[in-house]
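User: Please take a close look at one part of this protein for me, the aromatic side chains and their surroundings. Then work outward from there.

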Amino acid sequence: MKIKTLYDSSEVSARIKELGDKISAKHNDGKPILCVCVLRGAFMFFSELVKHIKGEVIVDFITLSSYEATSSTGKINLISGLRESIEDRHVLIIEDIIDSGRTIKFLREYFADKNALSVEVACLIDKPMTRQVEAAADYIAFTLTTPAFIVGYGLDYDQRFRNLDGIMEIDLEQ
């Protein structure tokens, strides 16, 4: 197995700070932002991003499942929902990667009728070449231009490599 660095920790941190600044500039109306971490993959991205969002931030977590090992099952299962109300709050869904698009589509539909002021998505990695349903993020740290299996910064291969402090491409053939 070969691992190659795509984005090192300083590149990741700098880009996340930029996203935090953009989110802060847009949401300066004094209303709280409910930042929703999609567990487990987004936990590192989430923890760094919320530090860079100015104003009142409320945090919550949602757990979904759609993968078995390295393959998507094509079905999204809600394992654990929110504790906080989203009514009259800006909601920022913080996701590790958008690949098939099914998770983001599911979450946008899930939040659609709950009277949020707004619902937006921030993702660490966008992988548009693998999209199977229409889905887009409002804030994207990095966009892959070629297919790759990536790990690190919360992203995993069969629950391994989440702790790497950069974003790495993993070659499973070697």
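Analyst: Start with a charge over a ring. In this predicted model, lysine 114 lies over the face of tyrosine 110, at 4.5 Å from the ring centre. Tyrosine 110 is partly exposed, because its relative accessibility is 22% and the buried class ends under 20%.

Tyrosine 110 also has aromatic company. Ring pairs join Tyr110 with Phe106 and Phe111 in a cluster. The whole structure holds 5 aromatic pairs. In one of them, the ring centres of tyrosine 110 and phenylalanine 111 are 5.1 Å apart. Their planes stand at 75 degrees, so this pair is edge-to-face. Phenylalanine 111 is buried, with a relative accessible area of 1%, whereas tyrosine 110 is partly exposed.

Another pair involves phenylalanine 149 and tyrosine 157. Here the centres are 5.9 Å apart and the planes are at 90 degrees, so the pair is again edge-to-face. Phenylalanine 149 is partly exposed at 25% relative accessibility. Tyrosine 157, at 18%, counts as buried, because the cut-off is under 20%.

Now the nonpolar interior. In soluble globular proteins, nonpolar side chains tend to be buried together. The largest nonpolar core has 30 residues. Phe45, Leu49, Leu92, Leu124, Ile125 and Ile167 touch the most other members. Helix 1 (9-26) and helix 2 (43-51) each give two or more residues to this core. Strand 2 (33-39), strand 5 (90-98), strand 6 (118-126) and strand 7 (139-143) do so too. Helix 2 supplies the largest share, 5 residues.

Take leucine 124 from that core. Leaving aside residues up to four places away in sequence, leucine 124 touches Val12, Ile16, Phe45, Ala141, Phe142, Leu155 and Ile167, among others. Its contacts also include Tyr153, Glu95 and Asp96. Two of these partners, Phe45 and Ile167, are on the list of residues that touch the most other core members. A second, separate core has 18 residues, including Ile58, Ile93, Ile104 and Ala135.

Last, the cysteines. The structure has 0 disulfides. Cysteine 35 is in none, and the nearest cysteine sulfur, that of cysteine 37, is 9.8 Å away. The cut-off for a disulfide is 2.5 Å, so that distance rules out a bond between them. Cysteine 35 is buried, at 0% relative accessible area. For cysteine 123, the nearest cysteine sulfur is also that of cysteine 37, 13 Å away. Cysteine 123 is in no disulfide either, and at 0% relative accessibility cysteine 123 counts as buried.

Note on methods:
Residues are numbered from 1 along each chain as its sequence is written. This is a predicted model: local features need pLDDT of at least 70, side-chain atom pairs count only at pLDDT 80 or more; totals for chains, interfaces and linings use all residues. Side-chain values use heavy atoms; hydrogens and water are left out. Rings of Phe, Tyr and Trp (its six-membered ring) pair if their centres lie within 6.5 Å; planes under 30 degrees apart count as stacked, over 60 as edge-to-face and the rest as tilted. Buried means under 20% relative accessible area, exposed over 50%, partly exposed in between (1.4 Å probe, protein chains only). A charge sits over a ring if NZ of Lys or CZ of Arg is within 6 Å of the ring centre and within 35 degrees of the ring normal. A nonpolar core is a set of buried Ala, Val, Leu, Ile, Met, Phe, Trp, Tyr and Cys residues joined through side-chain atoms within 4.5 Å. Helices (H or I, at least four residues) and strands (E, at least two) are DSSP runs, numbered from the N terminus. Contact means heavy atoms within 4.5 Å.
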